Amino acid sequence: MSAFSVLQDAIADRAFPASSIAVTHQGNLIALKAFGHFTYEPDSPSVTTATLFDLASVTKAVATTTMAMLLYERGLLELDAPVAGTVPEFLADSCGEVDHRRRDVTFRMLLAHSSGLPAYEKLFLKTQVREELLRAAFTTSLSADPNSRAEYSDIGFIILGAALERIAGEPLDIFCQREIFGPLAMANTTFNPPAELRYHIPPTLDDHTFRHRIIQGEVHDENAFVLGGVAGHAGLFSTAEDVSKFAHAILECGAGAPSASSGQAPAREAPKSQQTSGKCRHILKPETLALFTRRESLPAGTSRALGWDTPSAPSQAGKHFGPTSFGHLGYTGTSIWIDPDRQLSITLLTNRTWPDCSNQAIKQVRPKFHDAIIEALDKAQ
């Protein structure tokens, strides 16, 4: 079955109403396609390759982790420094008690989802504005000892995003626009899309419990909504083509990177006069990329890298992505997977949460789609 047929069948089976994809291979954009309509209604607008989607947690990789890489290169972020050094509010838990384990939580642990923080909390139900929700996140009680287990945590990335803003001295969205999206010509990538674009974006939820309206062109995640639409864990909107530009740039960055087993230390930022204008290395150095995308050795059995995931068994990446691959998923039905050995990236954007988040069919569609792409490429070679 062809990769495009996988998506067309998924839409027919109501796995999701809308989809847009982009594939880059060996330096070329080899596929850019759109499928379906904004909703299941017959008169719903058709999706085009210019359609923006709510990236959900793909924000963690494209925006927040890339910001962390840049701050690391500039010597401003120490991965093994305690988070409490930047966010002293983190030392006390929600009961106001000092939990001494919290002193041991590092930025590396937040990035690797091994901090001991819980996966998710409905902080939006007890807060109304950004500062209130941030305080609630900072004081969320640990559910495990730091570095004892890997548990994917939105709370950890909310805290990470706020900490990076303090280190950089500016909001995450402003930093990312200047340092990432602008240089990579990601002209259609933004937090908080302007009002005139909202009805050109597929809706993600018919919300009957919190906002009591159709969620279209505003962030699906409720915690990110209370945070003003700009958060470390969610909030970014983009097109498949823009995400593929990012992925392609990451692949270019990886050229010449040391192998995962080389033990070579990442370099710090070169003087501007030594950087190549217009090249991805102007954004990130290969050593930095190697460090952040290499699977962590602790906790035992984790599939996590720093801000990225790696293929596991079974994997949403499918069965063909190689051992150096990395990627990320988004709750709304989005994903990005990158295989440096194949020089391949696959971006899949959907709104599988429409109308009510109950449909989990994306879990079968994603790996089947990825496998079909790679099998077609292998057959063509």
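## Strand E1 and its partners

Let's start in the middle of a sheet: strand E1 pairs with strand E10 (residues 344-350) in the antiparallel sense, over seven bridges. Two strands count as paired if DSSP finds at least two bridges between them. Strands (E, at least two residues) and helices (H or I, at least four) are DSSP runs, numbered from the N terminus. One bridge links Ser 20 to its partner Leu 349 in E10. Before going on, note that this is a predicted model: local features need pLDDT of at least 70, side-chain atom pairs count only at pLDDT 80 or more, and totals for chains, interfaces and linings use all residues. Residues are numbered from 1 along each chain as its sequence is written, and side-chain values use heavy atoms, with hydrogens and water left out.

E1 covers residues 18-25, and it also pairs with E2, again antiparallel, over eight bridges. Here Ala 18 has Gly 36 of E2 as its bridge partner. E1 and E2 make a hairpin with two residues between them, and Gln 26 in the turn has a positive phi of about 50°.

Is E1 buried or exposed? Eight of its eight residues are buried, so the strand is largely enclosed by the rest of the structure. Buried means under 20% relative accessible area, exposed means over 50%, and partly exposed lies in between (1.4 Å probe, protein chains only). Both faces of E1 are covered: Ala 18, Ser 20, Ala 22 and Thr 24 are buried on one side, and Ser 19, Ile 21, Val 23 and His 25 on the other.

## The five-stranded sheet

Now zoom out. E1 belongs to an open sheet of five strands, in the order E2-E1-E10-E9-E8, with antiparallel pairing. At the edges sit strand E2 (28-36) and strand E8 (326-330), each pairing on one side only. From one strand to the next, the twist averages 5°. Helix H2 (residues 58-73) packs on this sheet, touching E8 and strand E9 (334-339), and its direction makes about 120° with that of E8. Angles here run from 0 to 180 degrees between N-to-C directions, and axes are lines fitted to C-alpha atoms, for helices over the stretch in contact.

Over at the E8 edge, five bridges join E8 to E9, and these two strands run antiparallel. Gly 327 stands opposite Trp 337 in E9. The E8 and E9 hairpin has three residues between the strands, and Gly 333 takes a positive phi near 100° there. Four of the five residues of E8 are buried, so E8 is largely enclosed by the rest of the structure.

## A three-stranded sheet

There is also an open sheet of three strands, in the order E3-E7-E4, with antiparallel pairing. Its edge strands are E3 (53-54) and E4 (190-191), each of which pairs on one side only. E3 pairs with strand E7 (residues 236-238) in the antiparallel sense over two bridges. In that pairing, Asp 54 has Phe 237 of E7 as its bridge partner.

## Two helices side by side

How do helix H1 and helix H10 lie relative to each other? The axes of H1 (residues 3-12) and H10 (residues 362-380) come within 8 Å and cross at roughly 160°. The two helices are therefore roughly antiparallel to each other. (Angles under 35 degrees count as roughly parallel, over 145 as roughly antiparallel, 65 to 115 as roughly perpendicular and the rest as oblique.)

From H1, the contact uses Ala 3, Val 6, Leu 7 and Ala 10, while H10 brings Val 365, Lys 368, Phe 369, Ala 372 and Ile 373. Contact means heavy atoms within 4.5 Å. These residues divide into eight nonpolar, no polar and one charged. For that tally, Ala, Val, Leu, Ile, Met, Phe, Trp, Tyr, Cys and Pro count as nonpolar, Asp, Glu, Lys and Arg as charged, and the others, Gly among them, as polar.

## Salt bridges

Side chains of opposite charge can pair when their charged atoms come close. The rule for a salt bridge is a side-chain nitrogen of Lys or Arg within 4 Å of a carboxyl oxygen of Asp or Glu. By this rule the model has 19 salt bridges. In one of them, Asp 309 joins Arg 304, with the closest N and O atoms 3.8 Å apart. Both Asp 309 and Arg 304 are buried.

Arg 178 has salt bridges to Glu 170 (2.5 Å, N to O) and to Glu 179 (3.0 Å, N to O). Arg 178 is partly exposed, with a relative accessible area of 43%, whereas Glu 170 is buried at 19%. Glu 179 is buried too, at 17%. Salt bridges that share partners join Arg 74, Glu 170, Arg 178 and Glu 179 into one network.
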